[in-house]
Amino acid sequence: MTCNLAIIGGGPGGYVAAETAAKAGLSVILFERRELGGVCLNEGCIPTKTLLYSAKVLDYAKHSDKYAVNVEGATLDYGALLKRKEKVVKKLVGGIKVRMRNASVEVIKADAYIAGKEGDDFVIEAGGERYLAQKLLLCTGSEAAVPPIPGLAEAGDTVVTNREILALESRPESLVVIGGGVIGMEFASFFNSIGTKVTVIEMLPKILGPMDDEVSAMLQAQYTKKGVEFHLSCKVVAIEGDEVVYETPEGETLRAQGEKILLSVGRRPNVKGLGLENIGVEVNRGVVVNPCMETSVPGVYAAGDITGFSMLAHTASREAEVAVHNMIGKSDTMSYDAIPGIVYTNPEVAGVGITEQEATAKGLDVKCLKLPMAYSGRFVAENERGEGLCKIILDAATERVLGVHMLGNPCSEIIQSATIAVAQCMNAEDLLHIVFPHPTVTEIIKETLLSAE
């Protein structure tokens, strides 16, 4: 079988690229060895947010008296929650299948291997068949990184990654999370809300790595109040049964016990076993691409986690669009200046653009405006117990919006306003001329800008 474009990987990069290319008139074959939707839909973004929303509802129920509503004995049905998670995932996977069918995309459920080239075409082998494609797009995503920790192999199913923890049939009484990044904190949030004793061990001196230092510290303080135990600047040196052995900054060796141990120390691009060496694709940490998302081999593109750069589903979708646009002769380049990042804890964290610490490290002359979320009437009405912050980074000379960082619900839904401002190089005056609907939490952006006048 011959096609204009073969796509390996059916996640947020792959299926978006397939639909975009098909609408542009290309014949497309999409290879996916598991289910359409990739890690994001099947074992990442969607299932975790389904769990986290139920945990948030439980939090509200437990503290409903703060809103003059009395709910006694609120509990979580863990089995029913897992069924709901599966129902949500199944519905969305089905939706992608319909989209592919409507776009006339041929979906092959099999491992795909790049065997080489035949003339100007790329040869892909999958499911015992041979396919030829004029162009190739790599969207194989990433997998959980598993560091060589002594005792890890012997710990068996006590140690889990994001994939296995989603399949647990019951709530663990205790959980040790190795890694305080986005994934680690989201699972820490979920299990803390449903009654599990949670301990987080992080090698860095802060949680949430590259996210704003002040916002990260505020989130940590709130979860400390909720009972989560944090051990920062600590190195895990071994796993012994259900115990994590770690060293403190002072050189002391301590232990943390957990019925389950979650490995959450990052992800690595899926580049092995694809046959990239057969066509000469350059690989560093991930597949190397230019701003048009083309690899070192003409006609071969890559999008998503496989590049090892911005491992976010929405980044993958945009990269996929850029790749397809360039394939069909439409000028387009990828920019990473305005990629929003969100942590779906309770409260949520969201940010876009540079942080205050990044500005300092780069020697930029900036103005940092800050305002508590309580300056938003809607926030106060809906977050009785909540603390929050809106932080805006402006270029000192031009007042161009360089970054916006928030803590507080529902900042995951309002960060897009800030993303548009950063992406369109808007300045403070531009934003102040925009009418924000009242009462909304989004108004905090304008209020923060006004606080500087």
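Guide: Two strands pair if DSSP finds at least two bridges between them. Helices (H or I, at least four residues) and strands (E, at least two) are DSSP runs, numbered from the N terminus. The model here is predicted: local features need pLDDT of at least 70, side-chain atom pairs count only at pLDDT 80 or more, and totals for chains, interfaces and linings use all residues. Residues are numbered from 1 along each chain as its sequence is written, and side-chain values use heavy atoms, without hydrogens or water.

Visitor: Which are the edge strands of the open sheet of five strands?
Guide: The strand order is β8-β15-β9-β10-β11, and the pairing is parallel. An edge strand pairs on one side only. That gives β8 (159-160) and β11 (229-231).

Visitor: Which residue of β11 stands opposite T199?
Guide: Strand β10 (residues 197-201) and β11 run parallel, joined by three bridges. In β11, the residue opposite T199 is E229.

Visitor: At about what angle does α6 run to β10?
Guide: α6 lies across β9 (174-178), β10, β11 and β15 (260-263). Axes are lines fitted to C-alpha atoms, for helices over the stretch in contact (heavy atoms within 4.5 Å). Angles run from 0 to 180 degrees between N-to-C directions. For α6 and β10 the angle is about 165°.

Visitor: What covers the buried residues of α3?
Guide: Helix α3 (residues 45-62) has 18 residues and reaches 26 Å from first C-alpha to last, close to the expected 26 Å (1.5 Å times one less than its number of residues). Its buried residues (under 20% relative accessible area; exposed is over 50%, partly exposed in between, with a 1.4 Å probe and protein chains only) include L51, L52 and L58. Their cover includes α2 (38-43), α4 (78-102) and α6 (182-193).

Visitor: Is S216 buried or exposed?
Guide: S216 is found in helix α7 (residues 213-225). Leaving aside residues up to four places away in sequence, S216 touches K206, I207, L208 and M211. The relative accessible area of S216 is 2%, so S216 is buried.

Visitor: How many residues apart in sequence are the parts that E387 and K225 tie together?
Guide: Their side chains meet in a salt bridge at 3.9 Å, N to O (the rule: a side-chain nitrogen of Lys or Arg within 4 Å of a carboxyl oxygen of Asp or Glu). E387 lies in the loop between α10 (377-382) and β21 (389-395), while K225 is in helix α7, so the tied parts are apart by 162 residues.

Visitor: How many salt bridges does the rule count?
Guide: Side chains of opposite charge can pair when their charged atoms come close. One example is R171 with E173, at 3.1 Å, N to O. Another is D332 with R318, at 2.8 Å, N to O. The count comes to 24.

Visitor: Which residue of β22 is the bridge partner of V352?
Guide: Strand β19 (residues 349-353) pairs with β22 in the antiparallel sense, over five bridges. The partner of V352 in β22 is V404.

Visitor: Which residue takes a positive phi in the hairpin of β21 and β22?
Guide: β21 and β22 run antiparallel, joined by six bridges. Five residues lie between the strands in this hairpin. The residue with a positive phi, near 60°, is E399.

Visitor: How many residues of strand β22 are buried?
Guide: Strand β22 covers residues 401-407. One of its residues, M406, is the bridge partner of C390. The strand is largely enclosed by the rest of the structure, because its buried residues number seven of the seven.
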